Amino acid sequence: MSEVSALAPFKVRSFRFQWPADLATSWAFEMETLILGWYVLVETGSVVMLTVFASLQYIGTLLAPMFGVMGDRVGHRNLLCAMRGLYAALATILMTFAFMGIVTPALVLAITAVMGLVRPSDIGMRAALVAESMPADRLVGAMSIQRTTQDTARIAGALTGAGLVAALGMGPAYMAVSSFYAISVLLTMKAGSAHPAHPPAAGAAGRSARASPWRDLREGLAYVWNTPHLLGAMCFAFLLNLTAFPLFTGLLPYVAKEVYLSDQTTLGYLVAGASFGALLGSMALSRIGHAVRPARMGLVFGAGWYAMLLVFAHTPHAAAGIAVLILTGIVQSMGLIPMTAMLLRNSDMRYRGRVMGIRMLVLYGNLPGLLISAPLIARIGYPLTATLYCAIGLAFTLLIAVRWRVHLWRPGAPANAR
């Protein structure tokens, strides 16, 4: 695919504003996660408190379907602006407390809990906003480019966040975080389109305004439950969040400190390595997205992600671990992006916000995945815990592929349309 074709999504005006808005938000997310995760681990000295901190970031997954309903009702752009305004306000509060020298682990956990009510829905709403104005034939490429906002953020946020705290302290570091959130709000206000690529059906807006939000939610849940390729993809996404993401994100501070016996600089390199690999995978898909079979590719590379995480769990040295994480990130992107594009492309446009809200609901798998990992690590160690998680993940990936083989695996299935 040519370079022009790979960058075709930027021909859509909304995407030209949304991409930098999402980038600023993602940079702030990653800086916050690294800064606060390391702070909680160092101040408390407890892997349990680290997993509690990581888990609090996902408590809002239970509310994600209602955010999807709200997005379908008031507009995905308007909802994103409100959400990102809240991020900016919370970051400013924490920045003020940091400059006053009164930050405590309890305060960090409290602010994280409030942020965690909203933050899990951000990725789903930004994806729905992309699909709102993007032609279907550019959607996989657009989602690949949009995913680079998260990947580059994990690289820059990891390295910058660690460096700013080490050099200047938490207060100045949070000045940067707050600034990124403010920029994201301003740019998000410019996103969206007066003429979406998929305009709503006549009368849909009026029906939505009269219907109860709870009825809208029930309709969205019923739509996913009764649509086999959507239900299979949601089950697979829950599995990944339960068993893969805790190893790939939430537990990396523990690996840096307790397995590699190092500091936040090594943690930054680990996160950056994983994100650099994911960025490479996103860039590759932006060029070949038109040729992939999304559902089948998601299952194959999802299994490959578990295999790479298993290798990482038994890599004893930090330098080798970074190299393994680069490969792991590539495989992760090649699996997750096609599945997300399939959900958007193969969903009725009237339910798109609710489908992505339900997709964010399955992020709840992170919560039990993280909380269960802490006692397991204390009892049998990190390598065996990771091995157990990967074995369970691979077994259930096979079961999902068999159970929904007609809808997710068969080349001729709509979910595998090119």
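1. The protein chain contains 21 helices and zero strands. Helices here are DSSP runs of type H or I with at least four residues, strands are E runs of at least two, and both are numbered from the N terminus. The model is a predicted one, in which local features need pLDDT of at least 70 and side-chain atom pairs count only at pLDDT 80 or more, while totals for chains, interfaces and linings use all residues. Residues are numbered from 1 along each chain as its sequence is written, and side-chain values use heavy atoms, with hydrogens and water left out.

2. Of the 418 residues in the protein chain, 56% are buried. A residue is called buried under 20% relative accessible area, exposed over 50%, and partly exposed in between (1.4 Å probe, protein chains only). The protein chain exposes about 16300 Å², and carbon and sulfur atoms supply 70% of that area. Accessible areas come from the Shrake-Rupley method with a 1.4 Å probe; for residues, only the protein chains shown count as cover.

3. Contacts, meaning heavy atoms within 4.5 Å, can also be sorted by separation along the sequence. Among the contacts in the protein chain with a separation of 6 or more, 86% are between residues 24 or more positions apart.

4. Helix H7 deserves attention for its burial. Of its 14 residues, 12 are buried, and the helix is mostly covered. The buried residues of H7 include Pro120, Ser121, Asp122, Met125 and Arg126.

5. Ser121 may serve as an example from helix H7, which covers residues 120–133. Ser121 counts as buried because its relative accessibility is 1%. Leaving aside neighbours within four places in sequence, Ser121 is in contact with Ala64, Phe67, Met83 and Met360.

6. Leu309 offers a second buried example, this time in helix H16 (residues 294–313). The relative accessible area of Leu309 is 2%, so this residue is buried. When residues up to four places away in sequence are not counted, Leu309 touches Ala244, Leu247, Phe248, Thr328 and Cys390. The C-alpha atoms of Leu309 and Tyr389 are separated by 9.5 Å, although the two residues are 80 residues apart along the chain.

7. The next matter is charge pairing. Eight salt bridges are found in a search of the whole structure. A salt bridge is a side-chain nitrogen of Lys or Arg within 4 Å of a carboxyl oxygen of Asp or Glu.

8. Which parts of the chain does the pair of Arg73 and Asp216 tie together? The side chains of these residues meet in a salt bridge, with an N to O distance of 2.9 Å. Arg73 lies in helix H4 (residues 64–74) and Asp216 in helix H11 (residues 213–225), so the pair links parts that are 143 residues apart in sequence. Arg73 counts as partly exposed at 30% relative accessibility, whereas Asp216 counts as buried at 6%.

9. Helix H11 takes part in another such pair. Glu219 forms a salt bridge with Arg354, and the closest N and O atoms are 3.8 Å apart. Because Glu219 lies in helix H11 and Arg354 in helix H18 (residues 352–361), this pair ties together parts that are 135 residues apart in sequence. Glu219 is partly exposed, with a relative accessible area of 29%, while Arg354 counts as buried at 8% relative accessibility.

10. Lys257 and Glu258 also form a salt bridge, the closest N and O atoms being 3.3 Å apart. Both are partly exposed: Lys257 has a relative accessible area of 30%, and Glu258 one of 40%. In addition, Asp22, Arg84, Asp122 and Arg126 are joined into one network by salt bridges that share partners.

11. Two surface patches complete this note. Patches are made of residues with over 30% relative accessible area and no salt bridge; like charges are joined within 9 Å, and nonpolar side chains (Val, Leu, Ile, Met, Phe, Trp, Tyr) within 5 Å. Lys and Arg count as positive and Asp and Glu as negative, with His and the chain ends not counted. The place of a charge is taken as NZ of Lys, CZ of Arg, CG of Asp or CD of Glu.

12. Arg13, Arg16, Arg77 and Lys190 form a positive surface patch. Lys190 lies in the loop between helix H9 (170–188) and helix H10 (204–210), and is partly exposed with a relative accessible area of 46%. Leu388, Ile392, Phe396 and Leu399 make a nonpolar surface patch of about 350 Å². Phe396 is placed in helix H20 (residues 382–403) and counts as partly exposed at 45% relative accessibility.
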